[in-house]
Amino acid sequence: MRILLVTEGASDEPVAARLIRHALPDASVLAKRLPARGFAVVAREVEIWVRAAHFGHFDLLVIHFDLDDSISATFEDVSESKRWQEVRDAADKVLESLPQGGRVDALCVVLMSPCQSTEAWLAWGIENENGRAWEKSHRHILKTKLFGNPPRGLTRKAEDMAEKLIGQMAVNERWPQSLRNFMDHLRRGM
Amino acid sequence: MIKELTVHGFKTLVDTTIRFEPLTILVGKNGAGKTALLESFQIVGNFARGGVDRAFGPPPWSLGWLRTRGSGAVTGVSFRVVIELANGNEYIYSLALDERASKAEVLEERLVSKDGRVLADLSKRPSSGGTILKPDSGSANEEEIREIAEVLGSIISYELNPEAIEQGVDPEHTYVGRDGYGVAGFLANLQDKSPDVFERLTVRLRRIRPETQAVDIWSSGAKVYWGLRDPGQDKAFPAIHLSWGDRQLVGLLCLLYSDRKPGSAIAVEEIDRGFHHSRHFEVLELLSEAAYDGLDGQEPIQIIVTTHSPSFINKLQSRIGEIRSVIRFPDGGTLVRPLDELLQERLGTTELATPIGEVWETGLLEELTMTTG
């Protein structure tokens, strides 16, 4: 399975790649980054990523963006977020407009949308607590806690923390809800 | 005009073809092969000016050091150039070389018209040796060959360096070197011999750098120097004290206002280097005018530039037909593709709402084969 992965930042990419390989061990992942951070960039670039994955004959496109505080703290599914809906709708709209172009199966698009940010998942991976509690922590505070202020060693630290996160997922049932949603969507290819 | 260049066995250019426009912009990652393309361009120009001895030197400038390494199939180096003259006639110039006893040797040199008429080949080498592009006086096709040789011999690839541009020089040094050395001598000569062109250069500089009151030239000891005078200054700031971007700009203007023959071709590495993004549009306008219309009554010249700047590329939104994407294969070799073709192939359209520089920055128009993990 060929997967095109696009993430917002240097710390998100190794986490996303490891989670994908954890869920889909046979996948080969081509990782790319958005030219700049911020949801506005994600929203305006959905079209080119979907097109690239479609015409590049990838099986799956994973688009990462942080939900920040665009969703209530008591959410049950990330699809309740307006951000999530906006990206999903934009991706579906582009997909519907594209010709089959020799593809056997349609491209699957999965959104990796941590609440509030990937740091919530990483913090849970390090500290054995309820994952939902970390999703309520402010992302800037968590970023400082994990990567320092100013942040440094992002990729290296994120790689180590991603391994701990995967370890935590195996032994702790109280996952962050947005992580559970992502892994479900990844396995179901939606 | 140079319409096409094919290179075999030179640095990363195992088998690479590039088509040129009057203005061509090369984009690509570090190490993709942009510099190798410009160097091969320069070698063709040097060869046309003076044969093997002009094109190659002792290591690391010898052919043996410059040819593709690590590819068993590649033995020699060859260049194939398609040239179009002002009358619309097209010609193909081919040059194949190899190194024997630590010296570059010409295996094949040939000039043919597009319809297959051979104008010259190694069997018709001039009595002076060197290159078929310098035919003996009175030999067959002499005039036609000299016209083509003029285009090939005009090729210069510049890597402007502010530390060279700022230098004071001997007043006899009246041309701008590949690194920009000689700007002071060029400006002094221009002011002296062609004051109208000097004035036009100053006006053009003022359009991009409005604070410029004057370009001053002065002598000190045996050298001439240049500097810029801004409002409130009674003396110019010497070039050595100007910003990187200002020195680059004056250097670039000197290249574009140099006296060149019609059909000449130049290349400039890293055209955006040192420029704030607010200057990108003006620099692009300058290049565009020089390439398509000619600056202030000068003949148009063909221009090839490289850039890494998404901001500069964003300014090319309505002219993506001039952009060439230079891509390095993971296992070696360089491929050059017109960006519009790549957009169509990779994204299914050339009309995107996203700025083109941002699309390029994603890396989606380069390799799509490498995988992580």
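How many residues of chain A are in contact with chain B, and how many of chain B with chain A? Select both chains of this predicted model and display the contact between them: 17 residues of chain A meet 19 residues of chain B.

**Stop 1: the chain A side of the contact**

Stay on chain A and pick out α1, β2 and α2 (39-55), the elements that each give two or more residues to the side touching chain B. Colour α2(A) separately, since α2(A) supplies the largest share of that side, seven residues. Colouring by class shows nine nonpolar, two polar and six charged residues on the side of chain A that touches chain B.

**Stop 2: the sheet of chain A**

Next, select the strands β2, β1, β3 and β4 of chain A. Listed in that order, they make an open sheet of four strands with parallel pairing. The edges are β2 (28-33) and β4 (108-112) of chain A, each of which pairs on one side only. On average, and with direction ignored, neighbouring strands here are turned by 20 degrees against each other.

Zoom in on β1 (residues 2-7) and β3 (residues 60-64) of chain A, a parallel pair with four bridges. To find the register, label A:Leu4, which stands opposite A:Leu61 in β3(A). Then add helix α3 (residues 82-97) of chain A, which packs on the sheet and touches β3 and β4 of chain A. The direction of α3 makes about 165 degrees with that of β4(A).

**Stop 3: two helix pairs in chain A**

Two packed helices are described by the angle between their axes and the distance between the axes. Both values are given for each pair below.

Select helix α1 (residues 12-23) and helix α7 (residues 154-171) of chain A. Their axes come within 8 Å and cross at roughly 30 degrees, which means that α1(A) is roughly parallel to α7(A). The crossing of α1(A) with α7(A) is right-handed. Show side chains for A:Pro14, A:Val15, A:Arg18 and A:His22 on α1(A); on α7(A), show their counterparts A:Thr155, A:Ala158, A:Glu159, A:Ala162, A:Leu165 and A:Ile166. By class, this contact has six nonpolar, two polar and two charged residues.

Now move to helix α4 (residues 118-126) and helix α6 (residues 139-147) of chain A. Here the axes come within 9 Å and cross at roughly 50 degrees, so α4(A) is oblique to α6(A). Seen as a crossing, α4(A) passes α6(A) in the left-handed sense. On α4(A), the residues to display are A:Glu119, A:Ala120, A:Leu122 and A:Ala123; on α6(A), they are A:Arg139, A:Leu142, A:Lys143, A:Lys145 and A:Leu146. Five of the residues in the contact of α4(A) with α6(A) are nonpolar and four are charged, with no polar ones.

**Stop 4: β1 of chain B and its partners**

Switch to chain B and select strand β1 (residues 2-10). With strand β4 (residues 77-84) of chain B, β1(B) pairs in the antiparallel sense over six bridges; B:His8 stands opposite B:Ser78 in β4(B). Strand β2 (residues 13-19) of chain B is also an antiparallel partner of β1(B), again with six bridges. In that pair, B:Glu4 stands opposite B:Arg19 in β2(B). Follow the chain from β1(B) to β2(B): the two strands form a hairpin with two residues between them, and B:Lys11 in the turn has a positive phi of about 50 degrees.

**Stop 5: β10 of chain B and its partners**

Select strand β10 (residues 223-229) of chain B. Is β10(B) mostly covered or mostly open? β10(B) is mostly covered, with five of its seven residues buried. Strand β9 (residues 214-220) of chain B runs antiparallel to β10(B) and is joined to it by seven bridges. B:Ala214 has B:Arg229 as its bridge partner in β10(B). Two residues separate β9(B) from β10(B) in their hairpin, where the turn residue B:Gly221 has a positive phi of about 65 degrees.

Add strand β11 (residues 237-238) of chain B, which is antiparallel to β10(B) and joined to it by two bridges. B:Gly227 is the residue opposite B:Pro238 in β11(B).

**Stop 6: B:Ile313**

Finish at helix α9 (residues 310-314) of chain B, where B:Ile313 is found. Why is B:Ile313 classed as buried? B:Ile313 is buried because 25 other C-beta atoms lie within 10 Å, against a cut-off of 20 or more. Leaving aside residues up to four places away in sequence, B:Ile313 touches B:Val27, B:Thr307, B:Ile356, B:Gly357 and B:Trp360. For a last distance, select B:Leu284: B:Leu284 and B:Ile313 are 29 residues apart in sequence and 9.8 Å apart in space, C-alpha to C-alpha.

Note on methods. Residues numbered from 1 in each chain as written. Chains lettered and ligands numbered in written order. Predicted model: local features only at pLDDT ≥ 70, side-chain atom pairs only at ≥ 80, totals over all residues. Axes fitted to C-alpha atoms, helices over the stretch in contact; angles between N-to-C directions. Parallel < 35°, antiparallel > 145°, perpendicular 65-115°, else oblique. Left-handed = near helix turned anticlockwise from the far one by under 90°. Contact = placed C-beta atoms within 7 Å. Nonpolar A, V, L, I, M, F, W, Y, C, P; charged D, E, K, R; others polar. Buried ≥ 20, exposed ≤ 12 C-beta atoms within 10 Å, placed from the backbone. Pairing = 2+ DSSP bridges.
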